[in-house]
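The exercises below are meant to be worked through with the sequence and the model side by side. Try each task before reading its solution.

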Amino acid sequence: MSSENRPVLPEAVDVAIIGGGIIGTCTAYALAQAGMRVCLLEKGVLAGEQSSRNWGWVRTLDRDPAEVPLALRANQLWGEIQARAEVGFRRTGILYLQEDGHDAQRHQRWLDLARSCETGATLLDRAAVLRHLPESPRPWSGALYSPTDGVAEPGLATQAIAGLARGHGAVVLERCAARGLDLQAGRVAGVVTERGLIKAQAVLLAGGAWSRLFCGNSGVEFPQLKVRGSVLRTGPFDAPLSATVNGKTFTCRKRADGGYTVSQFGASMADVVPDSFRLMSKYLRAWLANNAFVKVRFGKRFFEELAIPRRFALDDVSPFERCRVLDPAPSAGAIATAWRRLTAAFPVFNAARIAHAWGGYIDVTPDALPVMSQVDGIPGFYLASGFSGHGFGIGPAAGELMADLILGRTPRVDIQPFRLARFAG
């Protein structure tokens, strides 16, 4: 976009939102619908990072019980959004496949935990699950199944929701990095951007993998690390698989373009970086519990992050301008393994072709739950980050929740599990 066509930087708004991913954009939409003056700031392009690089699942299945009410609300909101704009939302049904009694017991335990939320999920037996699947040599014994879960298209969703927000008066600025908070008498008075100051009564940080750096420069400790996921898509392919599938070691879902999105389940890569040591006491238990799902690697990313200043002035070029988009390469090994596992489970896919593969950084917290709360000690500052790979599907409900908090309304769900203060001490 040329400078002549760029939206004018507003002098003052009610709420400034930092981060043009799914969470920030959905919050902007919810606030704009409520009549607030909103400015959404994105240092690169909308959904340039993980919001366009995820699997595209909209699920309640197998979520932490604290997230299930959000997931149910999000499922409803995705349907409402789809009625207004093309985001590719479809209730395909989601299957978590099982091969033995241990799998079935684990799925039953989740159903028991989520029963009070009335998810509509159920356990399928072998005969029922095979009706959803292509021919397979794997001994599928059943599945945890939700007929109302589904998918949306990451490549469409955030931009389309931003369009809805604009329609309600929100200002959306791309290539306009927020450098830091403007504080007056200890509370938020606005946000300093690379294009100048915007006065604001409230500021929401929805910066994904960049949130810890921004928080730290404002004197706020936010424990957050990144893991790198790798995903592939096929070209258009006619397979007898319309449901979205977690096959235990791989995932697969039909895309709106006729292809399939495929990933190796449990193939995320955690680069050892300086923050790995700073936060070791908070993450050690999670690493030990999930070492089969997240591989640790030491490489050049350590030195790249070591070179990023943890504190920086707001009147000079910031780290957010020096790197507009995090664009990690996919792991060739992870892509090859995902494809091998898919084709071994469903041989029909041997006739498909890999069209593209990509990587993305997932921001994770020590307990794999997001932070969605006001930041204690800085009135007017709010944080929505650390979604740990779960953010796309619950994005509309997370945006609604953050709008409720900012507007002083009572949220629809219990916010206690999502408070930043749970990591204090």
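**Exercise 1: the chain as a whole**

Of the 425 residues of the chain, 58% count as buried, where buried means under 20% relative accessible area, exposed over 50% and partly exposed in between, with a 1.4 Å probe and protein chains only. The model is a predicted one, in which local features need pLDDT of at least 70 and side-chain atom pairs count only at pLDDT 80 or more, while totals for chains, interfaces and linings use all residues. Residues are numbered from 1 along each chain as its sequence is written, and side-chain values use heavy atoms, with hydrogens and water left out.

Task: Work out why the chain is as compact as a globular protein of that length.

Solution. Begin with the secondary structure, which comes to 12 helices and 20 strands, these being DSSP runs (helices H or I, at least four residues; strands E, at least two) numbered from the N terminus. The radius of gyration, taken over C-alpha atoms, is to be set against the globule rule, 2.2 Å times the number of residues to the power 0.38. Since the radius of gyration is 21 Å and the rule gives 22 Å for 425 residues, the two are close, and the chain is therefore as compact as a globular protein of that length.

**Exercise 2: helix α1**

Task: Compare the span of helix α1 with its expected value, and state how many of its residues are buried.

Solution. The expected span is 1.5 Å times one less than the number of residues. For the 12 residues of α1 (residues 22-33) this should be 16 Å, and the end C-alpha atoms are 16 Å apart, which agrees. As for cover, 11 of the 12 residues of α1 are buried, among them I22, C26 and Y29. Just after the helix, G35 takes a positive phi of about 90°.

**Exercise 3: G359 and two loop residues**

Task: Locate G359 and list its contacts, then describe D62 and E118.

Solution. G359 is placed in strand β18 (residues 354-364) and is buried at 1% relative accessibility. Leaving aside neighbours within four places in sequence, G359 is in contact (heavy atoms within 4.5 Å) with R53, G229, S230, P328, A329 and P330.

Most residues other than glycine have a negative phi. D62, however, has a positive phi of about 60°; D62 lies in the loop between β3 (57-58) and α2 (68-82) and is partly exposed, at 27%. E118 likewise has a positive phi, near 50°, and sits in the loop between α3 (101-114) and β5 (122-125), where E118 is exposed at 68% relative accessibility.
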